[in-house]
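Trainee: I am new to this structure and would like a close look at one part of it. Could you walk me through it slowly, starting from a single residue?

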Amino acid sequence: MLLFAMGFLLVIIQPSSGQFPRACANTESLLRKECCPPWDGDGSPCGELSSRGFCQNILLSQAPLGPQFPFSGVDDREDWPSVFYNRTCKCEGNFMGFNCGECKFGFSGLNCTERRLRSRRNIFQLTTSEKDRFLAYLNLAKNTPSQDYVIATGTYIQMNNGSNPMFRNINVYDLFVWMHYYASRDTLLGGSNVWRDIDFAHEAPGFLPWHRAFLLLWEREIQKITGDENFTIPYWDWRDAEDCVVCTDEYMGGRHPTNPNLLSPASFFSSWQVICTQSEEYNSREALCNATSEGPILRNPGNNDKSRTPRLPSSAEVEFCLSLTQYESGPMDKMANYSFRNTLEGFADPRTAISNISQSGLHNALHIYMNGSMSQVQGSANDPIFVLHHAFVDSIFEQWLRRHRPMLEVYPAANAPIGHNRENYMVPFIPLYRNGEFFKPSRELGYDYEYLQEPALDSFQEFLIPYLEQARQIWAWLVGAAVVGGIITAVLTGLILACRKKRGTFEEIQPLLIESEDYNNVSYQSNF
């Protein structure tokens, strides 16, 4: 019944149109290279009159990049978003958004001062009504045009350096499919030449922060179009699974009875059309994906190349990955050894952490196992299992952050592949987010995972946490100070006793300075 109700909503919801802000997708904004739209609350750019933010020049990272991309000035995504805009909104306090009209993740309320903590849950622990609501929300997103964003259908040069804007409306779900495509597409070098060894969302340090931001933004858009502020993405815990247990008509769509590559007609996902899956055709035409429908979702779970991915990941492999202490290492790409990021992403063996690109582990294993739309990087978000999968991958990232408590400096500041340094802005998000902003515990971003929840800390403990963390970083100095302090105390105490003994020799008529019953109170501080 709920599914029918949501279908009815598609008719009555006011249409709107979705990663370039609509307000900036015009000739004037492109020629001025400025994206500082007015906030509806007061009509001023970035809500400046209400002290929500102001328009400022973009501050780009000057840190050196790795050698993986040997070009400069050939890709619109270099130094994002400076090819299109060099002035955007800088939001104050807890405000966020391309016009500072929203709250930062984890905050709500009229002035964004109220803390909120939402919980992501296992999809199999949802009630039937909760699960049906989630599926209905997915379908609603697939059929609702984005209010705030549009997509680029041409490069900046094809737009004649901004004088001929090339943008298109898109529905909310496909907006995120397109963003995933745009971040991972090849670089067009002219003619039939392309550069494939480039990806702003994968194969490098930003893989986990990028997808963390991606899911949060996706979650936020669903909350907006449904009015359900409590909505969170469920996850699929695929550890030790023997097959695709979510691949049923009750959940994400079963197998077609006559064509194993298609979804069952009993699932409304069978009617979904995919976009951005024909990368070779785009490259040959020197074009971008324009979100034209390209056929149904393909999925044939388990009938993949077993020599590359023999099975779904195990609990033991996840636990080994979590034991790795280095977030990143070596070249900081898919050849990195003993890297937590590379092992979780799936380019390193989940039993040894040694790079092995002939095999697909953990995150990659799930994509390959699905044997269809999920298995091609640029278009993988077409399959709605994508969000369940990446929510669980994000939960593993969260476990690692809680276990190892890394400082922000652990995330590489320089020499990572293009777009992946700590201070680089993530492609293609506007408003702008740096990679390092999402290298932090999920609770600081307003969400948790049900299976990771811990007893709430009292306010005093919360107050102490940052100081205890700093103490942990300088423990060796603290121990040294304790030893030195103990030695100095012992020497001073010895001198005092010696002086007292000397006074007792010359002043025999004085009573003892320390009576016998006071000896038990004498102590020597030797450590903290």
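Trainee: In which loop is the place of proline 428?

Mentor: Happy to help! A word on the model before the answer: it is predicted, so local features need pLDDT of at least 70 and side-chain atom pairs count only at pLDDT 80 or more, while totals for chains, interfaces and linings use all residues. Residues are numbered from 1 along each chain as its sequence is written, and side-chain values use heavy atoms, with hydrogens and water left out.

Proline 428 sits in the loop between helix H10 (385-404) and strand E14 (447-449). Helices (H or I, at least four residues) and strands (E, at least two) are DSSP runs, numbered from the N terminus. Look at the peptide bond leading from valine 427 into proline 428: it is cis, with omega near 0°. Now move along to proline 431, which is also found in the loop between H10 and E14. A cis peptide bond joins proline 431 to isoleucine 430, with omega about 15°. As background, most peptide bonds are trans, and most residues other than glycine have a negative phi.

That last point brings us to two glutamates. Glutamate 203, in the loop between strand E13 (193-195) and helix H5 (207-226), has a positive phi near 60°. Its relative accessibility is 24%, so it counts as partly exposed; the scale calls a residue buried under 20% relative accessible area, exposed over 50% and partly exposed in between (1.4 Å probe, protein chains only). Glutamate 286 has a positive phi near 50° and lies in the loop between helix H6 (279-285) and helix H7 (315-323). With a relative accessible area of 31%, glutamate 286 is partly exposed.

For contrast, turn to histidine 363 in helix H9 (residues 362-370). Histidine 363 counts as buried because its relative accessibility is 4%. Not counting residues up to four places away in sequence, histidine 363 touches Phe207, Leu344, Glu345, His389, His390 and Val393, where contact means heavy atoms within 4.5 Å. One of these partners, histidine 390, also makes a side-chain to side-chain polar contact with histidine 363 at 3.3 Å. A polar contact is a pair of N or O atoms within 3.5 Å; within protein, one must be able to donate a hydrogen and the other to accept it, and residues adjacent in sequence count only if both atoms are side-chain atoms.
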